[in-house]
Amino acid sequence: MTRVLIITGDPLAAAMAGPAIRAYNTGLTLQAAGHEVRLVSTTRAEHPAPPFPMLHVAAGDERGIRAHERWAEVVLFQGYANTQFRTIARTDRMLIADAYDPMHLEMLEQGRELPPATWSLRVATARDALNDQLRRADLVLCASERQRLLYLGQLAGLGRLNPATYAADPDLRGLVAVVPFGLEGSPPVADAGGGMRGVVPGIDADSRVLIWGGGVYSWFDPLTLIRAVASAREREPRIRLFFLGTRHPGVDEMGIVREAFELATALGVEGREVIFNDTWVPYDRRGAYLVEADAGVSTHHVHVETTFSFRTRILDYLWAGLPMVVTEGDGFAELVEAEGLGIVVPANDADALADALVRVLADSPEVQSWRANVARVRERFVWEAVLQPVLEAVARPRRAADATPGRDAMGVGARARRTAGVGHTLRMTWHHLRAEGLGGVTSRIRRRLAR
């Protein structure tokens, strides 16, 4: 048995988003394998029925995190924990960096609506934090072979591909392991409280339901999808598109949500063919919605974030046995096409997308074939299967071949600045004062207090 500390920056509550879901299920899988687990959130821990200790330690609370770090034999973290806690950055425990979300690429899209100086700062902060993780980690986790190539390139530039790490591990799987997002072993079942049909106005037993199984963010393309639905309703009047959640529990609402609502209203489909859930469905209830859908959809623009992304919502479509329509350009589109799980469409092509939506909602042998393929492929992605590299590492904790005391000599280049504490707060206040003026700083303080 190994003692494992898992750290996430996302809230641990009834309503959880991707990072928290991944951390939670990693903990469950490790516990089932006989290990002892503690799960820490730097934002909030209010889970109604924790299966193991689920705790809150505020970013920068060195004393609070130190007690858990000293207890652990392995520390597995996501996000900014290495820049929020010196204890984590310098730990002598085995350190596993879960970099399944290339946050520096994500921030290129997520920051588009910010003032230019703040956008640049956010991207630089994410880049430096990630590089710092790659310098210090004994094992780096990524979500796909595409991501693995990205991180091998970064690690080479940081000096971590060296004779020490290469000598006994020439394919470097012991340094960078592919651990996709996973799904539960048992498919979802109907909920006594219902999901959409007969509960959500406009969706009944005869509706043909497309589900958008997650948040609406600026790197996605809900606008082309809404246009396609408006077009497809002439051929399939029962079509309904349901956005499962527009209010992320840990991220401010982005402008694309408002744009999507305004477009649906202008096209006369809002509240009829296109329905927005303006809350966030609790994690343990999302299956009740998925099981009532006929197909899953995921549309995005094609850019560098797309190339290395891993769309976790598509795992839920696999979990629920849904055929799907997805945009080209990412790793999942390749999987959908190769395994016959649905239809891949060109980006920003409303006509092609409308045709695909009509096809995926039809009662046809083609759709039945897609469903059978989904049921077959889903077994590859159950949590126990995808977490095998983590289970193997935790069973025999070890330091990287180029490990050094304090980790400061692992890799080359400047270390990232801290993203917590008084110094960080003062730097950020000064930045926003210069970039946005006193009004901008005041607005940010009000939003922070409102949370």
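Where is the place of R93? In this predicted model, for which local features need pLDDT of at least 70, side-chain atom pairs count only at pLDDT 80 or more, and totals for chains, interfaces and linings use all residues, that question is a convenient way in. Residues are numbered from 1 along each chain as its sequence is written, and side-chain values use heavy atoms, with hydrogens and water left out.

R93 sits in the loop between α4 (86-89) and β5 (94-98), where helices (H or I, at least four residues) and strands (E, at least two) are DSSP runs numbered from the N terminus. R93 is buried, with a relative accessible area of 18%; buried means under 20% relative accessible area, exposed over 50%, and partly exposed in between, with a 1.4 Å probe and protein chains only. Leaving aside its neighbours within four places in sequence, R93 is in contact (heavy atoms within 4.5 Å) with E69, R70, A72, E73, V75, D138, R399 and R407. R93 and V74 are 19 residues apart in sequence, yet their C-alpha atoms are 5.5 Å apart in space.

Two of these partners, R399 and R407, lead on to another part of the chain. R407 belongs to the loop between α18 and α19, is buried with a relative accessible area of 0%, and has a positive phi of about 65° although it is not a glycine. T404 is found in the loop between α18 (388-395) and α19 (422-450), and T404 is buried as well, with a relative accessible area of 19%. Not counting residues up to four places away in sequence, T404 touches R399, A409 and M410.

For the wider setting, the protein has 19 helices and 13 strands, and buried residues make up 55% of its 451 residues. Among the contacts with a separation of 6 or more, residues 24 or more positions apart account for 74%.

Turning to the sheet, 7 strands form an open sheet in the order β3-β2-β1-β4-β5-β6-β7, with parallel pairing; two strands pair if DSSP finds at least two bridges between them. Because β3 (54-56) and β7 (176-178) stand at the edges, each with a single partner strand, one side of each is left without a neighbour in the sheet. The twist averages 25° from one strand to the next, angles being taken from 0 to 180 degrees between N-to-C directions, with axes as lines fitted to C-alpha atoms, for helices over the stretch in contact. At the β7 edge, 3 bridges join strand β6 (residues 139-142) to β7, and the two run parallel; in β7, the bridge partner of L141 is A177. Helix α7 (residues 145-157) lies across β6 and β7, running at about 170° to β7.

A further region to follow is built around helix α9. Of the 11 residues of α9, 9 are buried, so this helix is largely enclosed by the rest of the structure. The buried residues are P222, L223, T224, L225, I226, A228, V229, A230 and A232, and what covers them includes β8 (208-212), β9 (239-243), α10 (255-266), β10 (274-276), β11 (295-298) and α15.

How do the two helices in that list meet α9? The axes of α9 and α10 come within 9 Å and cross at roughly 15°, and α9 and α10 are therefore roughly parallel to each other; angles under 35 degrees count as roughly parallel, over 145 as roughly antiparallel, 65 to 115 as roughly perpendicular and the rest as oblique. The contact is made by P222, L223, I226 and R227 of α9 and by I256, E259, A260, L263 and A264 of α10.

By contrast, the axes of helix α9 (residues 222-232) and helix α15 (residues 350-360) come within 8 Å and cross at roughly 60°, and α9 and α15 are therefore oblique to each other. On the α9 side this contact is made by T224, L225, R227, A228, V229, S231 and A232, and on the α15 side by A350, L353, A354, L357 and V358.

Leading into α15, N348 lies in the loop between β13 (342-345) and α15. N348 has a positive phi of about 60° although it is not a glycine, and N348 is partly exposed, with a relative accessible area of 48%.
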